[in-house]
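Please look through the sequence and the structure shown below before reading the notes that follow. The notes are grouped by topic, so that each part can be followed on the model.

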Amino acid sequence: AARPSSGAGGEAEAEGPSPGTAMLRHLLLKLRATGPVTVAEYMREALTNPGQGYYTRRGGIGDSGDFVTSPEISQVFGELIGIWYISEWIAAGKPKAFQLVELGPGRGTLADDVLRVFSQLASLLSKCDVSIHLVEVSPKLSEIQALMLTGGKAQSNPEDQSAYMKGISKTGIPIFWYRDIQDVPPGYSFYLAHEFFDALPIHKFQRTEKGWREVLVDIDPEVPDQLRFVLSPSSTPATENFIQPEETRDHVEVCPEAGVIIQRLACRIEKDGGAALVADYGHDGTGTDTFRGFRNHKLHDVLRAPGTADLTADVDFGYLRKMTQGRTTTLGPIKQREFLKNMGIDLRLQVLLQNSHDSATRKQLLHSYDMLMNPKKMGDRFNFFALLPRHRLAHPDKKHKPESKSPLLPVAGFDELLLK
Ligand code: SAH
């Protein structure tokens, strides 16, 4: 249940001349040719440039990489998320088919744990047509996902699909890979985004005496081959479009790509049904300067050696909620420790402890529980946020049939799970 050391990073460093230098050279050329770029443009290049981006080449998730995520710490995390989808599927009246769509699946660990729950509940799902759809831009990580989920038996560029790769899970469920959520076929879908939105490019703005200015990345004229932040000399289209007149903060980060994606999810859920679960670190519209880098589990200067470190910014859940434009109901954000507690993590831990007979495994179980739940570790830092069809939490019958007393099923995780 507790993960042994794992990782997908590091080794790319050994391929050819230092990739960090190649990305820096590419950016210096670009900046010399066109002048300073927005932080969003810099972040997009550093993370997902098709040749040298961090996720494209390195994507170092796990103990031996640059950062560790909850699914990599304990299988219990993904199992409880799998149960959340089953619970919503039951609340929706057990539709005959659903797609599980994961955005940014990393090493595929979370999807693997969710799939195991689906397979354990096979008798419940036996009449349901389930398929998995992964949205992943990194060729390196999609290979790792294919290995994890299909045992390496995935086919590239299938002719009949909008997907760039397809395969069959170890438990017999079809899996498809796409670069963009727009390529995923429509249909009743459950969406999952764990530590995905924080990797999307942000714009940064600073309040000055002359009004709002966008923060840009430029070449430092004093130090050769070094980058620095500068402020735009005047307002840019982004300052006009993204800063609200009532804004009270002095420094603001906005992630328009996150807004576009959450809007797409809300439209799809409104039209075809389903639910979305988003888990990430973040705030509710109060955060300021949260842009940071991680390399080998240590904070890393965001402007140093681009392409060799993970760059991230806190997710603004208030902005995500606003961008759903009321097409769906939203729940949360609530703290990870509350969500997992409501999902029954304590009971699951007790069962695993009772079933493990060596002290090393028990110690590892308690350690991973502490990592996920301790408020000073991931317990308070990570949040859960959900999109649900509007009728999920409203009584449509009430007006016409006031005598109807059928109680609405509570949403697992956001309420205590009813174990029947
Ligand atoms: N969910 C995983 C991995 C998080 S890292 C976990 O929690 O362990 C972020 C993931 O998002 C990686 O798989 C990365 O390659 C992917 N990613 C980053 N930007 C993306 C984009 N614009 N579109 C699709 N995937 C992206």
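Which residue in β11 is the bridge partner of Q206? The partner of Q206 in β11 is H251. This is a predicted model, and the points below should be read with that in mind. They begin with the strands, move on to the ligand, and then turn to single residues.

**Strands around β9**

- Strand β9, which covers residues 211-219, is mostly covered, since 8 of its 9 residues are buried.
- Strand β8 (residues 203-208) runs antiparallel to β9 and is joined to it by 4 bridges, and one of the pairings to look for is that of F205 with its bridge partner E214 in β9.
- With 2 residues between them, β8 and β9 form a hairpin.
- Strand β10 (residues 227-231) also pairs with β9 in the antiparallel sense, here over 5 bridges.
- Strand β1 (residues 37-38) is joined to β9 by 2 bridges, and these two strands run antiparallel as well.
- V217 is a useful residue to follow by eye, as it is the bridge partner of V37 and also has F229 in β10 as a bridge partner.

**Strand β11 beside β8**

- Besides its link to β9, β8 is joined by 4 bridges to β11, and the two strands run antiparallel.
- In strand β11 (residues 251-254), H251 and E253 point one way, whereas V252 and V254 point the other way, and all of these residues are buried.

**The ligand and its surroundings**

- The ligand is surrounded by 18 residues, of which the closest are T69, G104, G106, E136 and H194.
- The shell around the ligand divides into 9 nonpolar, 6 polar and 3 charged residues.
- T69 approaches the ligand through its side chain, where an N or O atom lies 2.7 Å from an oxygen atom of the ligand.
- G104 takes part through its backbone, with a polar backbone atom 2.8 Å from a nitrogen atom of the ligand, and a polar backbone atom of G106 is 3.0 Å from an oxygen atom of the ligand.
- Taken alone the ligand exposes 570 Å², and the protein buries 95% of that area.

**S138 in its loop**

- S138 is found in the loop between β3 (129-135) and α8 (139-150).
- Is S138 buried or exposed? S138 counts as buried because its relative accessible area is 1%, and the cut-off for buried is under 20%.
- The side chain of S138 reaches the backbone oxygen of Y55 at 2.6 Å, while a polar atom of that side chain lies 3.0 Å from the backbone nitrogen of L141.
- When its neighbours within four places in sequence are left aside, S138 is in contact with Y55 and T56.

**R337 in helix α12**

- R337 is found in helix α12, which covers residues 336-342.
- R337 is classed as partly exposed because its relative accessible area is 29%, a value to be set against limits of under 20% for buried and over 50% for exposed.
- The side chain of R337 makes a polar contact with the side chain of D380 at 2.6 Å.
- Leaving aside neighbours within four places in sequence, the contacts of R337 are M373, P375, G379 and D380.
- R337 and N383 are 46 residues apart in sequence, and their C-alpha atoms are 8.6 Å apart in space.

**Backbone details to check**

- The peptide bond from G332 to P333 is cis, with omega near 5 degrees, and P333 is found in strand β17 (residues 328-335).
- A305 has a positive phi of about 40 degrees although it is not a glycine, and A305 lies in the loop between β14 (298-300) and β15 (310-312).
- A305 is partly exposed, with a relative accessible area of 25%.
- Q325, which is not a glycine either, has a positive phi of about 50 degrees, and its place is in the loop between α11 (317-323) and β17.

Definitions and conventions:
Residues are numbered from 1 along each chain as its sequence is written. This is a predicted model: local features need pLDDT of at least 70, side-chain atom pairs count only at pLDDT 80 or more; totals for chains, interfaces and linings use all residues. Side-chain values use heavy atoms; hydrogens and water are left out. Buried means under 20% relative accessible area, exposed over 50%, partly exposed in between (1.4 Å probe, protein chains only). Two strands pair if DSSP finds at least two bridges between them. A residue is near a molecule or strand if one of its heavy atoms lies within 4 Å of it. A polar contact is a pair of N or O atoms within 3.5 Å; within protein, one must be able to donate a hydrogen and the other to accept it, and residues adjacent in sequence count only if both atoms are side-chain atoms. Accessible areas come from the Shrake-Rupley method with a 1.4 Å probe; for residues, only the protein chains shown count as cover. Ala, Val, Leu, Ile, Met, Phe, Trp, Tyr, Cys and Pro count as nonpolar, Asp, Glu, Lys and Arg as charged, and the others, Gly among them, as polar. Contact means heavy atoms within 4.5 Å.
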